[in-house]
Each structure stands twice: as structure tokens, then as C-alpha cells.
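Work through the exercises below with the sequence and the structure side by side, and try each task before you read its solution.

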Amino acid sequence: MSSEPLVIPRDIIPDVAEADNVSTDDTPEHWTTLKFTWSGKTFELSVADTDRVYDLKTALRDLTNVPLERQKILGLVKGKLPEDQVLIADLRLPAGKKFTLVGTPEGDEIKDPSRLENLPDIVNDLDIDFTEDPAASLAYLNDQRNRRKVKEATEKLKIDMIAPLREGKKLLVLDIDYTILDTRPLTSGLLPPDMCARPGLHEFLEAVYPYYDICIWFVVVFLPVPHLRHHYAFRSQTGWMWLETKLVELGMIGSSRNYQISFVLDKTCMFTVFSQRNGKPWSHFVKPLQIIWNHFPQFDASNTIHIDDLSRNFALNPREGLKIPAFRNAQTPEAMADRELRKLTRYLLHIAQVSDFRTIMHKNWKQVIKLLPGRPGV
């Protein structure tokens, strides 16, 4: 690591003041109470005008365990129920509106990870770079619904620490799925975990650990089985029992290596955001770093970096995101020749000296390492 941080050209440094132009409109939201019947029982729920039809369906799922794709909502509106992205306010629902839900609930079984539905962050390769569209990112941040979702996710989240956080360290938020592991052969069992890892994984984590506490954020989810217990007591308990077994076999947890994972988050900490893309409705999941910062105030935009293979996961925090090419087809010659983690190691060690990450733009990380002394190809 060089003794002084590299001077980064001004044209690749974001305008911090512009990026921080987030609305603080705290006007109280208008809520509407609805009543519905399902399976001979009556339920009540409340939705905000800023919610979407998708949020209504999600609330119904939470109350009845009926998956979104099995729900038939009768009597809420005249005719066909509008698309998921439509605002509740546009439905003009009166207080106390009654409707009927029809649908078969899903049991508390483990889902086959190779057949998970509704995972656009894995199976949908459409992506968007929000560093090139700051207006879109600000629209997400200024959206009252999204701010409420961050607050709700913060209140619901219970983080069980695996290793203690260390004073004065920066935070590395690291995606698993196709970022450091080829998820498909891992979840299907086609390859053992150690053969699914991106080349240089352990060396990368050992190199950056002296400077960064490490959070793993993964997407693969399982339905919980309440009667199963596990000594780590992680969120998404059953999913963690499966994933932690894989991580132990991989040597990322419980090994004698010179790094530790501090905590792990899963898809239950993510939520869906809605916008337009090419004139058409578009929705995708996001990983809001503010949830972490709310739990650990020592971390914020000045000392957090989020590494992922999908830029859209950075929608609420584009300046903190660093996109790395997806790692797929583990054990093929092309995959075995992958050197992305070696390059990333050089970059993370270099910026570890930067006091405020808001003064740099991670999008240009490969430009930076080319200017560093040493071999540019590693």
C-alpha cells in the first residue's frame, strides 16, 4: 500500500453537496384502514397513500402467508386490480373498505434454493448505474414511502453479532451472490462450497480485514421453520442454517484464517422500489445502507463501501457502491483466471487511508489502481 493516497482527478469526484440534496419533508402520511376476509376470518390492515399495490399484497402475505402470486383480491376496486407499481392514493379507497382475499397459504417448509421465485436481483440481468443518473437516485431518496421503509426495516432488524466491531475501522459491506461466490452451483449442490468461491477470496478478506469490519449481505432466502433452532440465532433462521453450513465448509466462518465476519444481513432487510425505465414501470430490490448506519452510528457514508455485482442495489446509496463483474461458471478456465479480487484488494487498501469516502467515486476504481505503483494486472 502506498504511503500517500493517490490524488484522484477532479472529474471523477462526485459533487458531494448535490448528492446530499435529500428532501427532509416529514409531512405526516395519510393512512387508510381496510378490512378483508380470508378463509372465513376477518382481518384489518392499514395502508399509506404513498404505498403501492405491491405493498398491499405484501401486507396480505404477512397476515395470511398467501404468496403474492397466489393472491386473488376481490371487491377492492371495480374490474381488474391495477399493476403493482400503482399508488394506493390513486385507488381512492374509502376508510373501512371491505374486500375478499382468495388464496392458498404457503407452508413453513424450506424452499428449494434452485427454484426460488421473485428474485430479480439474481435471475434478472437488467441493471442500471445510479452514479450516472443522480436525479433518479435522489427521487428514490426523497420518496416518502422509501424513507418509511428504511425506518420500518431498521426497527424490525435484530442483528446478532458473529465477531465484535473494532474501534476506528471502516465498514466493508460485501455481497455474496455472484460477487464472491458462484451462487448457482452452491445452492444446487453441483459443486462443493470451496469450488464455488471466486479465486483469491480468502487472501482478499485477510488483506482488507486490518482496515475494515466486514458485513456479508446475501439475497438467497428460505421460509423459516419455527421449530428449528440454531446456536447463532441469525435472521432467516433456516436460511442461515443452510448458508452458515456452506460458509463453514468454505472457511469464511469458524476457521483459523486471519479475518472475521462481523455480522450478516439477508433479503429481509431489503425492500422494493418503484420507478420508470424507458417509459415503462420498473421495480427492483435495494440494499439501503442507512439501516446499518441506524444500528451502528460509528458508520456512515464517510467510512462505508458496498461491493456488489448489481448497481441497482446501490440505488439509495450510489456513492457508496462499487460494482464488480459477476462471477459465474465456477471451475471453468475463464473463471479460474479471474483476478478481480486481487485488483479490489489493491483499491481497498489504497482508499483505507482516505478519511472521507464521500470525496472519491468508486465507479472509477479500476482507473485508480492503474495509476498505483506495482503490477497493474493484479
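The exercises that follow concern a predicted model, and each one is solved step by step.

**Exercise 1. Helix H11**

Task: Work out what span helix H11 should have, and find how far apart its end C-alpha atoms are.

Solution: Begin with the residues, for helix H11 runs over residues 340-351, which makes twelve. The expected span is 1.5 Å times one less than the number of residues, so the helix should span 16 Å. The end C-alpha atoms are 17 Å apart in the model, which agrees with that expectation.

Task: Decide how many of the twelve residues of H11 are buried, and say what covers them.

Solution: A residue counts as buried when its relative accessible area is under 20%. Ten of the twelve residues of H11 are buried, so the helix is largely enclosed by the rest of the structure. Among them are Leu 341, Leu 344, Tyr 347 and Ile 351. The cover over these buried residues includes strand S5, helix H7, strand S6, strand S10, strand S11 and helix H12.

**Exercise 2. Two salt bridges**

Task: For the salt bridges of Lys 343 and Lys 57, name each partner and state where the two residues of each pair lie.

Solution: Take Lys 343 first, which forms a salt bridge with Glu 340, the closest N and O atoms being 3.8 Å apart. Because they are three residues apart in helix H11, Lys 343 and Glu 340 are separated by about one helical turn. Glu 340 counts as buried, since its relative accessibility is 10%.

Turn next to Lys 57, whose salt bridge is with Asp 84 and whose closest N and O atoms are 2.8 Å apart. This pair links distant parts of the chain, with Lys 57 in helix H2 and Asp 84 in the loop between strand S3 and strand S4, 27 residues apart. Lys 57 is buried at a relative accessible area of 17%, whereas Asp 84 is partly exposed at 25%.

**Exercise 3. A histidine in a strand**

Task: Find out in which strand His 306 lies, and determine whether His 306 is buried or exposed.

Solution: His 306 belongs to strand S10, residues 304-308. With a relative accessibility of 2%, His 306 counts as buried. Leaving out residues up to four places away in sequence, the contacts of His 306 include Val 173, Leu 289, Phe 314 and Leu 322.

Key:
Residues numbered from 1 in each chain as written. Predicted model: local features only at pLDDT ≥ 70, side-chain atom pairs only at ≥ 80, totals over all residues. Heavy atoms only, no water. Helix = DSSP H or I, 4+ residues; strand = E, 2+ residues; numbered from the N terminus. Buried < 20%, exposed > 50% of the residue type's maximum accessible area, 1.4 Å probe, protein only. Contact = heavy atoms within 4.5 Å. Salt bridge = Lys/Arg side-chain N within 4 Å of Asp/Glu carboxyl O.
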